[in-house]
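Here is a walk through one chain, from its overall build down to a few individual residues. Keep the structure open while you read.

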Amino acid sequence: EGDEAAQAEEQFKKLYNLFLNVDATQVEINPLATTPDGRVVCFDAKINFDDNAEFRQKEVFAQEDTSELNQREVAAAALGLNYVGMDGNIGCLVNGAGLAMGTMDIIKLYGGEPANFLDCGGGVTPEGVAAAFNIITSDPAVKAILVNIFGGIVNCATVANGIVSACKTTKLEVPLVVRLEGTNVEEAKEIIKNSGLPIISADDLDDAAQKAVATL
């Protein structure tokens, strides 16, 4: 009532502006209370920020404490890769979140356990693949890697060259199963076949998952 209501109104306006100005996804105040001398105060708050706005909220994101986070996830985020560690032993490198989820499901269907979710997005480059391999294999539980790439906009031949280059750069020591589909897939398969590397090619996702599980 009275002055306290006016103070609360002002607080709500400021909270709304804060929400917009820092690209928040959540601003939670608990408690919002009055003091004995009649002030309206936000005593505690929880604020979450939109990761997609990091480019314009550099000061906010610079304060993030990553010491208690999964360091593979931190390294992946720094490279623009979407990585989430899991408890399995088959590492996954996939382009597209939906395809990544489906890949993990198929691995489990055939008796395996995915070691991670890793969506490398639409830009599959040799450098990106090498970085992804380094992150995946830094997990000591990983005993095989399954690459599942659908080349729609992405050229499968470019992806194949990236995989071959990454294998040589990272000196990959675990079995690698690769399933490619889409633009220039036949050329891509020839690149992998002629690479001289022990890369296991798969015709489809079921075949890839079964071959990955069989390497364990």
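## Contacts and overall build

Among the contacts in the chain with a separation of 6 or more, 68% are between residues 24 or more positions apart. Bear in mind that this is a predicted model. Its secondary structure adds up to eight helices and ten strands. The radius of gyration comes out at 24 Å, well over the 17 Å that the globule rule gives for 216 residues, so the chain is more spread out than a compact globule.

The box tells you about the outline too: along the principal axes, the C-alpha atoms fill roughly 80 × 30 × 25 Å. Of the 216 residues, 38% are buried. About 12100 Å² of the chain is exposed, and carbon and sulfur atoms supply 52% of that area.

## The nonpolar cores

Which residues have the most contacts inside the largest nonpolar core? They are Leu93, Phe133, Val147, Ile163, Leu176 and Leu180, in a core of 34 residues. H5, S8, H6, S9 and H7 each put in at least two residues, and the largest share, eight residues, comes from H6.

Val147 is a good place to look around in this core. Leaving aside neighbours within four places in sequence, Val147 is in contact with Leu93, Phe133, Ile163 and Leu176, and also with Val177, Val178 and Arg179. There's a second, separate core as well, with 16 residues, including Cys92, Leu205, Ala208 and Ala212.

## Helix H6

H6 runs over residues 156-170, so to speak by the book: its 15 residues reach 21 Å from first C-alpha to last, close to the 21 Å expected at 1.5 Å a residue. The buried residues of H6 are Cys156, Ala157, Val159, Ala160, Gly162, Ile163, Val164, Ala166, Cys167 and Thr170. Their cover includes helices H5 (126-137) and H7 (185-193), along with strands S8 (144-151), S9 (176-182) and S10 (199-202).

Both ends deserve a glance. At the N-terminal end, Asn155 acts as the cap of H6, with a side-chain oxygen 2.8 Å from the backbone nitrogen of Ala157. Just after H6, Lys171 takes a positive phi of about 50°.

## From S10 into H8

Ala202 sits in strand S10. With a relative accessible area of 2%, under the 20% cut-off, Ala202 counts as buried. Beyond its neighbours within four places in sequence, Ala202 is in contact with Val177, Val178 and Arg179 on the one hand, and with Asp207, Ala208 and Lys211 on the other. For a sense of distance, the C-alpha atoms of Ala202 and Val142 are separated by 20 Å, and the two residues are 60 apart along the chain.

Asp207, one of those contacts of Ala202, belongs to helix H8 (residues 205-214). Is Asp207 buried or exposed? Asp207 is buried, because its relative accessible area of 19% is under 20%. The Asp207 side chain reaches the backbone nitrogen of Asp203 at 3.0 Å. Setting aside neighbours within four places in sequence, Asp207 is in contact with Ser201 and Ala202.

## Asp23 and its surroundings

Asp23 is found in the loop between helix H1 (2-21) and strand S1 (24-29). Its relative accessibility is 15%, so Asp23 counts as buried under the 20% cut-off. The side chains of Asp23 and Arg56 are joined by a polar contact of 2.9 Å. Not counting residues up to four places away in sequence, Asp23 touches Phe49, Asp50 and Ala53, together with Arg56 and Gln57.

## Backbone oddities

Most residues other than glycine have a negative phi, and most peptide bonds are trans. Asp23 has a positive phi of about 55°, although it is not a glycine. Asn184, also not a glycine, has a positive phi of about 60°. Asn184 lies in the loop between S9 and H7 and, at 36% relative accessibility, is partly exposed.

What kind of peptide bond joins Asn30 and Pro31? The bond is cis, with omega about 5°. Pro31 itself is in the loop between S1 and strand S2 (32-34).

Terms used: Residues numbered from 1 in each chain as written. Predicted model: local features only at pLDDT ≥ 70, side-chain atom pairs only at ≥ 80, totals over all residues. Heavy atoms only, no water. Helix = DSSP H or I, 4+ residues; strand = E, 2+ residues; numbered from the N terminus. Buried < 20%, exposed > 50% of the residue type's maximum accessible area, 1.4 Å probe, protein only. Polar contact = N/O pair within 3.5 Å; in protein donor to acceptor, adjacent residues only side chain to side chain. Contact = heavy atoms within 4.5 Å. Expected span 1.5 Å × (residues − 1). Core = buried A, V, L, I, M, F, W, Y, C linked by side-chain atoms within 4.5 Å. Rg over C-alpha atoms; globule rule 2.2 N^0.38 Å. Areas by Shrake-Rupley, 256 points an atom, 1.4 Å probe, with all protein chains shown as cover.
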